[in-house]
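Biologist: I should like a close look at the side-chain contacts of one strand and of the residues around it. Please describe them in a connected account.

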Amino acid sequence: MVGSPRRGNTFWGSQAEFEYGATGWWSTALYLDGQTTAKESAVFTVYRFENRFRVLPKEHWINPVLYVEFVHVNAADKSLREIVGHDVEDD
C-alpha cells in the first residue's frame with residue numbers, strides 16, 4: 001500500500017504473515033503490519049493472532065470452522081480497511 005496525501009508525507013505500508021498448521025484441525029497465524037513515512041520514522045502498526053479450529057474431525061461437504069482473532073492496532077496505522085460512505089480528504 002502506498003499513500004500520498006496532498007498535505008502530508010508519502011507513506012508505505014506492508015504486511016507479513018506467518019501461518020502454521022499445528023494439527024489437522026488447528027491452524028494458527030501471526031500477522032505483522034508496518035508502515036514508514038517519508039521524512040519520519042518506520043513503525044509496527046498492527047499485530048494480529050488468528051486461530052482456526054475445524055469443528056468436525058473428518059472431511060464433509062461443509063465443514064464449519066471456529067475462528068478466533070486478537071488484533072492490536074496503534075494510532076500510527078494509516079491503512080483503510082473499510083470505507084462506508086466517506087471517501088473525501090476531510091474524513
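**Side-chain contacts around strand β4**

Modeller: In this predicted model, the search for paired rings gives 5 aromatic pairs. One of them joins Tyr47 and Phe70 in a tilted arrangement, with 6.2 Å from centre to centre and 45° between the planes. Tyr47 belongs to strand β4 (residues 42–54) and Phe70 to strand β5 (residues 65–73), so this pair ties together parts that are 23 residues apart in sequence. The tilted label follows because an angle under 30 degrees would count as stacked and one over 60 as edge-to-face.

Both rings of this pair are partly exposed: Tyr47 has a relative accessible area of 34%, and Phe70 has one of 44%. Together with Phe49, Tyr47 and Phe70 make a nonpolar surface patch of about 290 Å². A further aromatic group is the cluster formed by Trp25, Trp26 and Phe53.

Arg48 is also found in strand β4. In contrast to the partly exposed Tyr47, Arg48 is buried, with a relative accessible area of 12%. Arg48 lies over the face of Tyr31, at 4.5 Å from the ring centre. The side chain of Arg48 also makes a polar contact of 3.3 Å with the side chain of Glu69.

The account now turns to charged pairs. Across the whole structure, 4 salt bridges are found. In one of these, the side chains of Glu19 and Arg52 meet at 2.3 Å, N to O. Glu19 lies in strand β2 (residues 11–20) and Arg52 in strand β4, so the salt bridge ties together parts that are 33 residues apart in sequence. Glu19 is partly exposed at 43% relative accessibility, and Arg52 is partly exposed at 22%.

Arg52 has a salt bridge with Glu50 as well, in which the closest N and O atoms are 2.8 Å apart. Glu50 is buried, its relative accessible area being 8%. Glu19, Glu50 and Arg52 are thus linked in a network of salt bridges.

Another salt bridge joins Arg54 to Glu59, with 3.2 Å between the closest N and O atoms. Arg54 counts as partly exposed at 26% relative accessibility, whereas Glu59 is exposed, with a relative accessible area of 63%.

Notes: Residues are numbered from 1 along each chain as its sequence is written. This is a predicted model: local features need pLDDT of at least 70, side-chain atom pairs count only at pLDDT 80 or more; totals for chains, interfaces and linings use all residues. Side-chain values use heavy atoms; hydrogens and water are left out. Rings of Phe, Tyr and Trp (its six-membered ring) pair if their centres lie within 6.5 Å; planes under 30 degrees apart count as stacked, over 60 as edge-to-face and the rest as tilted. Helices (H or I, at least four residues) and strands (E, at least two) are DSSP runs, numbered from the N terminus. Buried means under 20% relative accessible area, exposed over 50%, partly exposed in between (1.4 Å probe, protein chains only). A charge sits over a ring if NZ of Lys or CZ of Arg is within 6 Å of the ring centre and within 35 degrees of the ring normal. Patches are made of residues with over 30% relative accessible area and no salt bridge: like charges are joined within 9 Å, nonpolar side chains (Val, Leu, Ile, Met, Phe, Trp, Tyr) within 5 Å. Accessible areas come from the Shrake-Rupley method with a 1.4 Å probe; for residues, only the protein chains shown count as cover. A polar contact is a pair of N or O atoms within 3.5 Å; within protein, one must be able to donate a hydrogen and the other to accept it, and residues adjacent in sequence count only if both atoms are side-chain atoms.
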